[in-house]
Amino acid sequence: MGLPGGALRAAAEPCVARAVTVVSFTVTLSSLAARCCCRQLRPPLSNLSPTCWSHLHPVKMFNSCGVSQFYHSKALTSPYPGSNIERSQVPEEKVGWLTEWKDYNPVEYTAVTVLAGPRWADPQIRNPAGRTGLIGRGLLGRWGPNHAADPIITRWKRDRSGNKIAHPVTGKNILQFVAIKRRDCGEWAIPGGMVDPGEKISTTLKREFGEEALNSLQKSPKEKEELEKQLHRLFSQEPFVVYRGYVDDPRNTDNAWMETEAVNYHDESGETMDNLPLEAGDDAGRVKWVDISEKLKLYANHSYFIKLVTEKWGAHWSEDPGPENHE
């Protein structure tokens with residue numbers, strides 16, 4: 001995900017249908033007990049019915065296989081990105097809002113660059129994953145959910161003869177994806193960025209991939225026209241929605257957090273991406289094809305998204321002979 005910038009979709013209306021395909025929650029702080037404010041959710045690919053939950057910890061969000069649960073951890077790290085601000089320490093057993101903690105006294109921090117912008121929405125809402133040790137908006141432009149879209153572009157690893165390369169231990173074919181090295185923190189990540197107001201997720205996915213992985217902003221008009229044709233070919237195929245919902249992002253606070261829709265576009269033959277030479281741009285310092293395995297260390301919980309993609313395509317992930325890795 002790219003750095004927050006521009007207007008982001010507001011999220012303060014309770015119990016109504018969202019046009020955005022990202023799961024969102026808002027909770028009032030006026031009550032001592034955390035209460036879920038349910039909103040109609042777009043059903044995931046598994047055809048689950050729209051649902052709301054009566055508690056917020058652990059977070060339950062939609063992935064490609066249905067509903068998943070996880071606890072945030074990167075949202076508890078210090079110092080806060082781009083600053084020397086130390087969060088109030090939050091013990092694991094006190095992360096959840098349903099655990100009473102009368103002495104909870106989080107640090108307040110909103111970056112000067114964010115304060116200079118418009119005040120988007122009512123701040124009286126809580127992070128659905130629990131306490132983070134920091135209140136305010138930090139580096140995020142909106143109170144509540146800040147929506148992003150992450151395109152996961154994959155292909156099979158092949159030898160010089162064009163044959164798929166299998167992992168020597170598992171025998172499963174090795175999948176590769178386009179990764180960028182973020183300028184802000186130096187971590188490798190899925191390219192992506194923030195959803196503009198009224199923008200379709202598909203538009204965000206294509207735009208952000210072009211800007212970060214192909215340096216489309218620096219291309220000549222003629223180059224942009226040709227690039228657009230190639231991107232259309234890749235992004236016009238039927239996508240695989242990997243995940244939508246809360247992201248364990250180091251920029252999250254008690255009052256502002258990242259949510260995303262991660263979508264996989266797979267180039268089965270590899271021919272499309274052969275015509276799209278990678279070139280880092282915008283928020284990306286570097287870009288390259290990366291072999292996928294459990295050894296990957298990626299930004300936020302991007303490794304989890306990548307693991308779901310390998311499950312979709314039956315690709316190599318882990319050398320661990322655990323039951324979950326058997327066909």
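Here is a walk through some side-chain contacts and one helix in this structure, which is a predicted model.

Let's start with the aromatic rings. A pair of aromatic rings is described by the distance of the centres and the angle of the planes. Searching the whole structure turns up 8 aromatic pairs. One of them joins F209 and F235, with 6.0 Å from centre to centre and 55° between the planes, so the pair counts as tilted rather than edge-to-face, a label that needs over 60 degrees. F209 sits in helix α2 (residues 201-213) and F235 in helix α3 (residues 221-235), so this contact ties together parts that are 26 residues apart in sequence. How buried are the two rings? F209 has a relative accessibility of 0% and counts as buried. F235 is buried too, with a relative accessible area of 12%. Elsewhere, W97, W101 and Y104 come together as one aromatic cluster.

Rings can also have a charge over them, and K312 is the residue to look at here. Its charged end sits over the ring of F240, 5.1 Å from the ring centre. K312 also lies over the face of W313, at 5.4 Å from the centre of that ring.

K312 belongs to helix α5, which covers residues 302-313. Does its length fit, or not fit, what you'd expect of a helix? At 1.5 Å a residue, its 12 residues should span 16 Å, and the end C-alpha atoms are 17 Å apart, which agrees. Several α5 residues are buried, among them H302, F305, I306, L308 and V309. S303 and T310 of α5 are buried as well. Right after the helix comes G314, with a positive phi near 65°.

Now for the salt bridges. Side chains of opposite charge can pair when their charged atoms come close. The whole structure holds 13 salt bridges. Take D291 and K157: their closest N and O atoms are 2.6 Å apart. This pair links distant parts of the chain, with D291 in strand β11 (residues 284-291) and K157 in the loop between β5 (144-156) and β6 (175-182), 134 residues apart. D291 is partly exposed, at a relative accessible area of 31%, and K157 is partly exposed at 24%.

Next, go back to helix α2, where R207 meets D196 in a salt bridge of 3.7 Å, N to O. D196 lies in the loop between β8 (193-194) and α2, while R207 is in α2 itself, so the pair ties together parts that are 11 residues apart in sequence. D196 counts as partly exposed, at 29% relative accessibility. R207 is partly exposed as well, with a relative accessible area of 23%. There's a wider picture here: D196, E199, R207, E208 and E211 are linked in a network of salt bridges.

One more pair to look at is R244 with E261, whose side chains meet in a salt bridge at 3.6 Å, N to O. R244 is in strand β9 (residues 240-247) and E261 in strand β10 (residues 256-266), so the bridge ties together parts that are 17 residues apart in sequence. Are these two charged residues buried or exposed? R244 is buried, because its relative accessible area is 2% and the cut-off for buried is under 20%. E261 is buried too, with a relative accessible area of 4%.

Terms used. Residues numbered from 1 in each chain as written. Predicted model: local features only at pLDDT ≥ 70, side-chain atom pairs only at ≥ 80, totals over all residues. Heavy atoms only, no water. Phe/Tyr/Trp six-rings, centres within 6.5 Å; stacked < 30°, edge-to-face > 60°. Helix = DSSP H or I, 4+ residues; strand = E, 2+ residues; numbered from the N terminus. Buried < 20%, exposed > 50% of the residue type's maximum accessible area, 1.4 Å probe, protein only. Lys NZ or Arg CZ within 6 Å of the ring centre and 35° of its normal. Salt bridge = Lys/Arg side-chain N within 4 Å of Asp/Glu carboxyl O. Expected span 1.5 Å × (residues − 1).
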